[in-house]
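Reader: I would like a close look at one enclosed space inside this protein and at what surrounds it. Please take me through it slowly, since I am new to reading structures.

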There are 2 protein chains.
Amino acid sequence: MPPSITPIRIGIVGVGKIVRDQHLPALAKDPSYRLVAAASRHEKVDGIPNYPSIKAMLEDVAEIEAVSLCMPPQFRFDAARAALEAGKHVFLEKPPGATVSEVEHLKELAAERGVSLFASWHSRYAPAVEFARTFLTSTTIRSVAINWKEDVRRWHPNQEWIWQPGGFGVFDPGINALSIATHILPKMFITAATLDFPENRHAPIAAQIAFRTLDGIPVTADFDWRQTGPQSWDILADTEAGSMLLSGGGAKLAIDGQIVHDEPEAEYPMLYQRFAEILRTGTLDVDVAPLQHVADAFMLGKRNVVEAFYD
Amino acid sequence: MPPSITPIRIGIVGVGKIVRDQHLPALAKDPSYRLVAAASRHEKVDGIPNYPSIKAMLEDVAEIEAVSLCMPPQFRFDAARAALEAGKHVFLEKPPGATVSEVEHLKELAAERGVSLFASWHSRYAPAVEFARTFLTSTTIRSVAINWKEDVRRWHPNQEWIWQPGGFGVFDPGINALSIATHILPKMFITAATLDFPENRHAPIAAQIAFRTLDGIPVTADFDWRQTGPQSWDILADTEAGSMLLSGGGAKLAIDGQIVHDEPEAEYPMLYQRFAEILRTGTLDVDVAPLQHVADAFMLGKRNVVEAFYD
């Protein structure tokens, strides 16, 4: 965007780790935006007005055109609704809500009000994802294996909410894999799943999922939060043009063992570029497919009880 | 439909109890249809050609224009896809699939092929449902309580599949309640749920669900398969125009204790009338909302383990 265009005046809601690590640096570097306010129950952003709630922020700062909603998913709907009804464009952190139904309702509301709604999936903007998509579109896929295995103690130490009902458990990272898979693979649906619940927790610590694409290609997903040592965020495809490995959460692409793309990531800057783009074109970008697969996995999945988990 | 119009040549797939109890009698009485073939692995329908698979039926009986798919949900997708790709209109028994994703794919496929797809929800055609809808639309709702409590031993004796992963458990009747609720109430989403799993079963025997409509009206649903004695299939609404009770699974409507509608049911004849109507108008009727709420309940719900269940 040329600097002569007025930046989008944005407010940020739900100031936590992801906001400080990703949203604030991405916004600070992007001339398309000017961060004008923040709302959070306990946290503050330096140098701008801060409010205890989105309601207070929207009432006081009339110039806000767009909001970024980064609170936990179960508080997302009311904030999004308030913003959309006030005519503001809305950026939703992932996952876009605690249920698929509420996200569908937000989609309709945004369309009615003529404002933009963005259900962001940051992993889709990992540097090698589009190259993987192009490669897979150009060949015939035989089978796909998704391996998303990390150490929950390292990445989510003592985060109680992820173990609560609706806290997603291992699907919190797993939905990142699904956001890439639903972007680079043909349409698919779940045929079977097993979810492993620690006996002292309300959310799964591991899941094994079998998908089929509409044309019958088998896709498996293996999510595990008990991985110590090397971590895996890999999508492996066996194709007629060779074996494709998209690794590092979408950062690196190799064909038959040869690295063809390996670039530093810029996921959040790209998310904000995309949000500016849908604002300019007056469109929505709300793909519920990753969240839909998670809901389907919970509905269809077999539940195993496994060893108790302690941080 | 006047008798001069050629009846729709229909084939039926998955011949079980619901086909003999409901589909065959409804089709026999409806001059809009002529049943020309059946496909089933083990069962046969007298007086028409029978085939072991939908594939064999469609290959042999070219005159078929529409199919009714009544096999268990996990076998629904392949049959529906084969029929849609052969250019046939498709009637899906409830639930329309084992996952929401696959139903969305079928919807797109039907639209692409220009044929009609009907996700049938028989309880929506219970005699008092439209009157309840009209009543609720004309007043202000304060709160709603859905009570769907029946004796699984009486209605599903020794049906092993309903207890399997993906077998829905108490959501098999519960989805009927949700199909009515999503038709007569404002749009809503789940905010909390508890699912009771017998310690020896893979599907819930009871569920308590809290919904909120977009305008904040509380809606609760209490599903229980352990109800002996009187059975309850009730939706109770507290409104400014009085207390509304839709009972008997949608058959009977009372306002402030006074019965205003009580008529014999004709759900399946009405489903087939509706299917003929969407065929004539070349439209789809696929509302996934009831199934979506079930998937959301499984995703968001807290799991309790309860006493083992034996038939």
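By class, how many nonpolar, polar and charged residues does the lining of the second largest cavity have?

Author: The lining of the second largest cavity has six nonpolar, five polar and one charged residues, where Ala, Val, Leu, Ile, Met, Phe, Trp, Tyr, Cys and Pro count as nonpolar, Asp, Glu, Lys and Arg as charged, and the others, Gly among them, as polar. This is a predicted model, in which local features need pLDDT of at least 70 and side-chain atom pairs count only at pLDDT 80 or more, while totals for chains, interfaces and linings use all residues, and side-chain values use heavy atoms, with hydrogens and water left out. Residues are numbered from 1 along each chain as its sequence is written, and chains are lettered from A and ligands numbered from 1 in the order in which they are written.

A cavity here is a set of points, on a 1 Å grid over the protein atoms alone, where a 1.4 Å probe fits but cannot get out, and its lining residues have an atom within 4 Å of a point. Grid points are joined across faces, edges and corners, and the volume is the space filled by probe spheres set on the points. The second largest cavity has a volume of about 30 Å³, and its lining draws on both chains: from chain A come Q164(A), P165(A), G166(A), G167(A), F168(A), F197(A), H202(A), A203(A) and F298(A), and from chain B come M299(B), G301(B) and R303(B).

The structure holds two cavities of 30 Å³ or more. The largest cavity contains about 40 Å³ of space, and of the 13 residues that line it, the closest to its centre are M299(A), P165(B), G166(B), H202(B) and F298(B). By class, the lining of the largest cavity has seven nonpolar, five polar and one charged residues.

With both chains present in these linings, it helps to know how the chains are related. A turn of 180° with a shift of 0.0 Å along the axis lays chain B on chain A with an RMSD of 0.0 Å, the copies being superposed by least squares on the C-alpha atoms of residues with pLDDT of at least 70 in both. That is the relation of a two-fold axis. The same surface serves both copies, for 100% of the contact residues of chain B recur in chain A, contact meaning heavy atoms within 4.5 Å.

Returning to the lining of the second largest cavity, F168(A) deserves a second look. Most residues other than glycine have a negative phi, and most peptide bonds are trans. F168(A) is not a glycine, yet its phi is positive, at about 75°. This residue lies in the loop between α6 (152-155) and α7 of chain A; helices (H or I, at least four residues) and strands (E, at least two) are DSSP runs, numbered from the N terminus.

Helix α7 (residues 171-184) of chain A lies across β7 (141-149), β8, β9, β10 (218-224), β11 (232-239) and β12 (242-247) of chain A, and runs at about 155° to β7(A). Axes are lines fitted to C-alpha atoms, for helices over the stretch in contact, and angles run from 0 to 180 degrees between N-to-C directions.

The strands beneath this description belong to an open sheet of nine, in the order β14-β13-β12-β11-β7-β10-β9-β8-β15 (chain A), with mixed pairing, where two strands pair if DSSP finds at least two bridges between them. At the edges stand β14 (258-262) and β15 (302-306) of chain A, each with a single partner strand, so one side of each is left without a neighbour in the sheet. On average, neighbouring strands of this sheet are turned by 15° against each other, direction ignored. Within it, strands β8 (residues 188-198) and β9 (residues 206-213) of chain A run antiparallel and are joined by eight bridges, and F189(A) has R212(A) as its bridge partner in β9(A).

Chain B has a nine-stranded open sheet as well, with the order β14-β13-β12-β11-β7-β10-β9-β8-β15 (chain B) and mixed pairing. There, β7 (residues 141-149) and β10 (residues 218-224) of chain B pair in the parallel sense over six bridges, with I146(B) opposite A221(B) in β10(B).

One last backbone detail concerns the peptide bonds. K94(A) and P95(A) are joined by a cis peptide bond with omega of about -15°, and P95(A) has its place in the loop between β5 (89-92) and α4 (100-113) of chain A. In chain B, a cis peptide bond with omega of about -15° joins K94(B) and P95(B).

Technical notes:
On a 1 Å grid over the protein atoms alone, a cavity is a set of points where a 1.4 Å probe fits but cannot get out, and a pocket is an open set with protein on both sides within 12 Å along at least five of seven lines; lining residues have an atom within 4 Å of a point.
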